[in-house]
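Subject: Structure handover and findings

Hello,

Please find the sequence and structure below, as discussed. My notes on what was found follow directly after them.

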Amino acid sequence: MRIALDAMGGDYGPDPNVAGALDALQLLPELQISLVGDAARLERMLADAGYSGSSIKVVPAESWITMEEKAAEAVRKKPNNSLNICWQLMADKAVDAVVSAGHTGAVVAAGLRTKLFLSGVKRPGIAVALPTSVGTSILMDVGANPQARSEHLYQYGIMGAIYAREILGVAKPRVGLLNIGSEDGKGTDLIREAHSFLAASHLQGQYIGNVEGRGIYYGDADVIICEGFVGNVVLKASEAMADMLMRTASKHVLSKLSVERDVAAGAFHSLSQQLSYSEFGGAPLLGIDGICMICHGSSDKRAITNALRSATKFKDRNINEQIVNELAMTPV
């Protein structure tokens with residue numbers, strides 16, 4: 001398994017990326033990792049960590065894209081940035097996967113430039129795993145395609161179901177369409193047309209129709225489909241709500257405890273770990289000819305390690321081959 005890691009991506013620069021790569025090798029010694037970025041700095045960091053093996057190599061990049069830059073403009077004006085190089089390595093079949101905690105828009109924009117779409121895929125989408133009251137659900141798309149068409153949403157249903165089956169282990173994932181109401185006929189023209197596509201697809205028996213926003217966290221469906229603009233708003237609002245609730249609950253509960261304070265603190269920490277994006281590592285950009293894991297900007301080394309592991313699992317389960325085969329059953 002060969003992975004290009006955008007070593008300069010994320011809020012904290014190369015530190016968690018290098019540390020995550022080193023930890024991943026302890027778990028998966030067969031990995032071959034290309035650290036793409038500031039070569040002198042990366043080589044110095046590897047030397048300081050005492051690494052002298054051959055499983056990690058440094059690939060130099062002249063520049064990298066910061067979180068504050070405009071994605072498409074930066075990708076175009078900095079042709080030799082670390083993200084462009086990662087994607088080109090995958091286009092050249094030099095690596096199997098790209099992993100980045102950098103600017104999500106830039107990750108997608110750099111990928112779209114390579115035209116690495118799977119056969120039959122009209123537009124890739126980002127699938128993120130969200131905790132629910134009964135387990136985990138997939139929400140797709142959360143930002144890759146803010147101007148989706150109905151056929152894109154239909155394909156997201158197919159791809160999301162495959163991902164939930166292979167990664168979450170749900171034998172027959174229930175697929176729902178995010179809407180303002182559960183009744184048929186609700187929503188915009190886009191949503192109603194996507195509903196017709198999904199209802200007529202080979203997902204019959206799995207497609208359960210419309211799902212309201214509150215159904216995301218009640219586990220009403222295993223896969224919930226939406227356009228990227230809506231999905232990104234849902235994701236960011238969910239992150240903020242979870243963080244606020246954990247901080248508030250921890251503060252009020254712990255302040256009233258004495259003897260069992262340490263026990264309660266441990267319980268809150270355990271719950272926080274379950275809700276943390278670090279546990280999932282990254283969200284895949286489904287629909288590309290290759291593997292791309294997009295990590296949270298504030299990813300720590302554990303998140304990077306888990307993203308590298310997830311990329312390996314993605315390949316082992318032949319997810320891309322399944323996507324091509326299932327889309328061919330009911331093309332649009």
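Lys77 counts as exposed, at 59% relative accessibility. Its side chain meets that of Glu73 in a salt bridge, with 3.3 Å from N to O. Glu73 has a relative accessible area of 34% and is partly exposed. The two residues, Lys77 and Glu73, are four residues apart in helix H3, so about one helical turn separates them. Note that this is a predicted model, and that every value in this message is computed from it.

Other salt bridges

The structure holds 13 salt bridges. Two further pairs are described here.

Asp189 and Arg192 form a salt bridge in which the closest N and O atoms are 2.3 Å apart. Both residues belong to helix H7, which covers residues 189-199, and because they are three residues apart there, about one helical turn lies between them. Asp189 counts as exposed, at 57% relative accessibility, whereas Arg192 counts as partly exposed, at 34%. Elsewhere, Arg2, Asp96 and Lys315 are joined into one network by salt bridges that share partners.

Is Glu151 buried or exposed? Glu151 has a relative accessible area of 18%, which means that it is buried, the cut-off being under 20%. Glu151 forms a salt bridge with Arg149, with the closest N and O atoms 3.0 Å apart. Arg149 counts as partly exposed, at 46% relative accessibility.

Charges in total

The protein has 31 positive and 35 negative side chains. The centres of these two sets lie 2 Å apart.

Overall fold and surface

The secondary structure comes to 12 helices and 11 strands. The radius of gyration is 20 Å, close to the 20 Å given by the globule rule for 332 residues, so the protein is as compact as a globular protein of that length. Along the principal axes, the C-alpha atoms fill a box of roughly 60 × 60 × 35 Å.

Of the 332 residues, 52% count as buried. The accessible surface comes to about 15200 Å², and carbon and sulfur atoms hold 53% of it. Among contacts with a separation of 6 or more, 70% are between residues 24 or more positions apart.

Helix H5 and what follows it

Which residues of helix H5 (residues 104-114) are buried? They are Ala106, Val107, Val108, Ala109, Ala110 and Gly111. The cover over the buried residues of H5 includes two helices, H3 (71-77) and H4 (82-91). It also includes strand S4 (97-100), strand S5 (125-132) and strand S11 (291-295). Helix H3 is thus part of this cover, and H3 also carries the pair Lys77 and Glu73.

Just after H5 comes Lys115, with a positive phi of about 60°. Lys115 is not a glycine, and its place is in the loop between H5 and S5. At 67% relative accessibility, Lys115 counts as exposed.

Backbone points to check

Most residues other than glycine have a negative phi, and most peptide bonds are trans. Besides Lys115, described above with its positive phi, there are two places to list here:

- Asn318 has a positive phi, near 55°, and is a residue other than glycine. Asn318 sits in the loop between helix H11 (301-316) and helix H12 (319-329), and is partly exposed, with a relative accessible area of 43%.
- Met140 and Asp141 are joined by a cis peptide bond, with omega at about 10°. Asp141 is in the loop between strand S6 (135-140) and helix H6 (150-168).

A buried loop residue

Asn179 lies in the loop between strand S7 (175-178) and H7. At 9% relative accessibility, Asn179 counts as buried. What is Asn179 in contact with, leaving aside its neighbours within four places in sequence? Its contacts are Lys186, Gly187, Ile191, Asn210, Val211, Glu212 and Gly213. One of these, Ile191, falls within the range of helix H7, residues 189-199.

Regards

Definitions and conventions
Residues are numbered from 1 along each chain as its sequence is written. This is a predicted model: local features need pLDDT of at least 70, side-chain atom pairs count only at pLDDT 80 or more; totals for chains, interfaces and linings use all residues. Side-chain values use heavy atoms; hydrogens and water are left out. The radius of gyration is taken over C-alpha atoms; the globule rule is 2.2 Å times the number of residues to the power 0.38. Buried means under 20% relative accessible area, exposed over 50%, partly exposed in between (1.4 Å probe, protein chains only). Contact means heavy atoms within 4.5 Å. Accessible areas come from the Shrake-Rupley method with a 1.4 Å probe; for residues, only the protein chains shown count as cover. Lys and Arg count as positive and Asp and Glu as negative; His and the chain ends are not counted. The place of a charge is taken as NZ of Lys, CZ of Arg, CG of Asp or CD of Glu. A salt bridge is a side-chain nitrogen of Lys or Arg within 4 Å of a carboxyl oxygen of Asp or Glu.
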